Amino acid sequence: MSIGLDCEKNKYYADGITRVTDPFWKVKCAKCGHTYLSCIAISNCPTCGCPDGDRFLGETPYDEVVAERGKPELNYSSRETKEHDFQSKSE
Ligand SMILES: [Zn+2]
């Protein structure tokens, strides 16, 4: 129960909605039916490359996670980083 652990809980993967403490996404490919694991909500089937599929975050359906946390968006761009920089420098 330390502040450090609390911070860890609030960290998100690059999709912006999956916390680092969340379980893996279980994805069943919509095209070939292959089931695989992904650490973020946006993924392509490793077998056929299809981006669509039935996704579950552990036991929670994708739609429920999105309703709660918003749509996933990959944050590999520098925008997010700049905002973080700005916030930490403007305190
Ligand atoms: Zn597939």
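How many helices and strands are there in the protein chain? There are 3 helices and 4 strands. The model is predicted, and read along the sequence the chain follows the pattern α-β-β-β-β-α-α.

**Confidence**

The average pLDDT of the protein chain is 83, and 73% of the residues score at least 70. Over residues 78-91, pLDDT stays under 50. For residues 78-91 the model has 1 contact beyond four places in sequence. Where pLDDT is low, the predicted coordinates should not be read in detail.

**The sheet**

The 4 strands form an open sheet in the order β2-β1-β3-β4, with antiparallel pairing. Its edge strands are β2 and β4, each of which pairs on one side only. The table lists the strand pairs, with the residues that stand opposite each other as examples.

| Strand pair | Bridges | Sense | Opposite residues |
|---|---|---|---|
| β1 and β2 (residues 35-38) | 4 bridges | antiparallel | Trp 25 and Ser 38 |
| β1 and β3 (residues 53-57) | 5 bridges | antiparallel | Lys 26 and Phe 56 |
| β3 and β4 (residues 60-61) | 2 bridges | antiparallel | Leu 57 and Thr 60 |

Another bridge partner in β2 is Thr 35, which is matched with Lys 28.

Two of these pairs are described as hairpins. In the hairpin of β1 and β2, 5 residues lie between the strands, and Gly 33 takes a positive phi near 80 degrees. The hairpin of β3 and β4 has 2 residues between its strands. In the turn of that hairpin, Gly 58 has a positive phi of about 65 degrees.

**The core**

Which residues make up the largest nonpolar core? This core has 8 residues in all: Ile 17, Trp 25, Val 27, Cys 29, Ala 41, Cys 45, Leu 57 and Val 65. Strand β1, residues 25-29, supplies the largest share of the core, 3 residues. Across the protein chain, buried residues make up 14% of the 91 residues.

Ala 41 is one of the core residues. Leaving aside its neighbours within four places in sequence, Ala 41 is in contact with Asp 15, Ile 17, Thr 18, Trp 25, Arg 55, Tyr 62 and Pro 72. Among these partners, Ile 17 and Trp 25 also belong to the core.

**Ile 40 and its surroundings**

Where is Ile 40 found? Ile 40 is in the loop between β2 and β3. Why does Ile 40 count as partly exposed? Ile 40 is partly exposed because 17 other C-beta atoms lie within 10 Å, whereas a buried residue needs 20 or more and an exposed one has 12 or fewer.

With neighbours within four places in sequence left aside, the contacts of Ile 40 are Tyr 13, Ala 14, Asp 15, Thr 18, Trp 25 and Pro 72. One of these partners, Asp 15, is 25 residues away from Ile 40 in sequence, and the two are 6.0 Å apart in space, C-alpha to C-alpha. Asp 15, Thr 18, Trp 25 and Pro 72 are contacts of Ile 40 and of Ala 41 as well.

**Contacts along the chain**

What share of the contacts in the protein chain between residues at least 6 apart in sequence join residues at least 24 apart? The share is 42%.

Definitions and conventions: Residues numbered from 1 in each chain as written. Predicted model: local features only at pLDDT ≥ 70, side-chain atom pairs only at ≥ 80, totals over all residues. Core = buried A, V, L, I, M, F, W, Y, C linked by C-beta atoms within 7 Å. Contact = placed C-beta atoms within 7 Å. Pairing = 2+ DSSP bridges. pLDDT = per-residue confidence, 0-100.
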